[in-house]
Amino acid sequence: MTPGSWRRVTPLKPRDFPAGTPLHHFCAWNQASRRPDRRYVLAGDLHTLLREFGGGERARELCVMHLARRPLIAVRLGGRILLSRTAHSPAASTDDGATAAAARCLVDRLRAATGCADDASHAAVFAAFEALAAEVDLRALAGVRPRHIPAMRPTGARRILVIRLSALGDFVQSLGPMAALRHHHAADHFALLTTAPFAALAAELGLFDEVLIDRRPKPSAFREWWTLRRQLRERRFDRVYDLQTSQRSSHYLRLFSRRGRPQWSGIAPGCSHPHANLDRDRQHTIDKQAEQLLMAGIYPTPQPTLPRSTRTLPAGLAGRDFVLLVPGSSPHRPAKRWPAACYGRLALALTGAGCVPVIVGTAEERALAAEIRRACPDAVDLVGNTDLPDLAALTRSARLTVGNDTGVCHLAAASGGPVVVLFSAVSDPALCAPRGDLVRIIATPDLNDLEVDTVLAEALAVLRGAVHRAEVQPT
C-alpha cells in the first residue's frame, strides 16, 4: 500500500474467531448492522494495515500512528479507504505517551485474540478500546474523514446508572453484574433505577450510592414520564448500563437530550456500547449480561451472590432445621406450578425426615399454603408475611429450598444454599435456571405428572450432599 492509494477494507469477520466467542458475535452483529460500531470500524483499519504492511513491527507502529497521532486513512467510502499522502513510517521509540501506549496495547491484544477461544483474551480487546477511548475520540477517528481529536476527560467522579426493573428472578441474576460494575466504578457515584418492590433489597446490597424508583408510567401518563425524564436528566449520568434490555428500558435513552446523552450499554438503537450479539435471546440470562459487560470493557463477571443478611429469622425457626417450600409463581402462568397437594405430601415426608416445612409466597398465594397445611399441619405458613430482605435471610438459613421456577429459588441459589427447582415446558432452564453448586433442576413437560417421590428423592440427595459439603469445608 502506498500513500494516496485506494484499497478495499479487510474487515474482521466472524470466522476470524471461534464460533460462540464474544468477538465472533461482535463481528457477525456488525456485519448485519447498517451502522457498524466505531470499534469494529477501527478494528478493520488495524486488520487492513497489518495485512497490507506485512504484519511486522513496521505495520504495528503504523497502526499505532493511525490510532494515536495522525490518521493514515484520509477517506472511507463504500468499503474502500484512501491512504493519506502525508503518512510516513513512524519510529518505534519516538512516542511513549499514554495515547501511544493505549494504541499499542490495542493492536497487540487484537492480534492475540484472533483465532483464540479464550474469553479473557476477547475481554482484553474491549478493555483496550476503553483505555484508548479515554485518550482519543473514537467516533471521530472512525468517521468518513477520520480525525484525531483528544477525548474529553471527566472532572471528578463519574455518575453511573444501572437499570434493572423486574422481575425478582431477573433482578437476582443481575447481582453478579451489579457487583462487577461496582468494582469497576469504585470511585464513581453508582446509582440504580428499579421498581418499588426491589428498592429495599437493593438498599441492603451495599452496592449503590443511590436507589431511584421507576413507577413504570403508562404511555398516556405524561406527568409521570416528565417526572422520570427530569429525574434522569438532572443527575447528568455519564454512563448507563441497561441490564433490563427491554423495549421500555431502551426507550429511556431518548429521555436524555441529544447533546446530553450518556454512554449507554444495552440494546437501544444508536447506543455507544451495544450488546452486539445476534443470538442474545438464546443465551442464558447470566451469560447474556456477562457478555454485555465484557463488550463494555468489564470482565470478569461473578455469579450472583447475596451478602449476609442482618435480618433475624421469624420466631420459632432460629436454631431449627427447616425447608422452604415455594408453591407459587407468576399468576398468569399456572403451568409453572407443581400442584399444592403435591407440595403437601412432600411437606409431610420432609417432616418425617426431621425438617420443618416453611411455606413462603405472596399474599395472593395463601390458598396454596392452606392446602399444603391441610396435608401437613406442622408446616409453618409465612405466605404474605415476608418482604424480599426477609426471604433472603430465610433462604440463607434454610437447609433446602424446593420450589417452582420463580424468584425465591433464585434468591436461594444466590444465597449459596441447596435448591431444587421444578420446571415445566413453559420455561427453558437453559435460558433462565438458577445456577449454583447445590442447585438441582427437575424438568418435565407437565408438572401435574411429576411424582412426589421423584422430588423427595432429589431433595434428600441434595440435603445429604449439602451436609457432606459442610462437613468437609476447611475451618
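Helices here are DSSP runs of H or I with at least four residues, numbered from the N terminus. The model is predicted.

**Exercise 1.** Place Ser121 in the fold and decide whether Ser121 is buried or exposed.

*Solution.*
Step 1. Ser121 lies in helix α5, which covers residues 119-133.
Step 2. A residue is buried when its relative accessible area is under 20%.
Step 3. Ser121 has a relative accessibility of 15%, so Ser121 counts as buried.
Step 4. Once neighbours within four places in sequence are set aside, Ala113 and Cys116 are in contact with Ser121.

**Exercise 2.** Describe how helix α2 and helix α4 pack, and name residues that meet.

*Solution.*
Step 1. Two packed helices are described by the angle between their axes and the distance between the axes.
Step 2. For α2 (residues 38-52) and α4 (residues 98-113), the angle is about 80° and the axes are 11 Å apart.
Step 3. Angles of 65 to 115 degrees count as roughly perpendicular, and therefore α2 is roughly perpendicular to α4.
Step 4. From α2, Ala43, Leu46 and Leu50 meet Leu106, Val107, Leu110 and Arg111 of α4.
Step 5. Sorted by class, this contact of α2 with α4 holds six nonpolar residues, one charged residue and no polar ones.

**Exercise 3.** Summarise the chain as a whole: what are its elements, its extent and its burial?

*Solution.*
Step 1. The chain contains 18 helices and 15 strands.
Step 2. Its C-alpha trace spans about 85 × 50 × 45 Å along the principal axes.
Step 3. The chain has 475 residues, and 52% of them count as buried.
Step 4. The exposed area is about 21,800 Å², with 51% supplied by carbon and sulfur atoms.

How values were computed: Residues are numbered from 1 along each chain as its sequence is written. This is a predicted model: local features need pLDDT of at least 70, side-chain atom pairs count only at pLDDT 80 or more; totals for chains, interfaces and linings use all residues. Side-chain values use heavy atoms; hydrogens and water are left out. Helices (H or I, at least four residues) and strands (E, at least two) are DSSP runs, numbered from the N terminus. Buried means under 20% relative accessible area, exposed over 50%, partly exposed in between (1.4 Å probe, protein chains only). Contact means heavy atoms within 4.5 Å. Axes are lines fitted to C-alpha atoms, for helices over the stretch in contact, and angles run from 0 to 180 degrees between N-to-C directions. Angles under 35 degrees count as roughly parallel, over 145 as roughly antiparallel, 65 to 115 as roughly perpendicular and the rest as oblique. Ala, Val, Leu, Ile, Met, Phe, Trp, Tyr, Cys and Pro count as nonpolar, Asp, Glu, Lys and Arg as charged, and the others, Gly among them, as polar. Accessible areas come from the Shrake-Rupley method with a 1.4 Å probe; for residues, only the protein chains shown count as cover.
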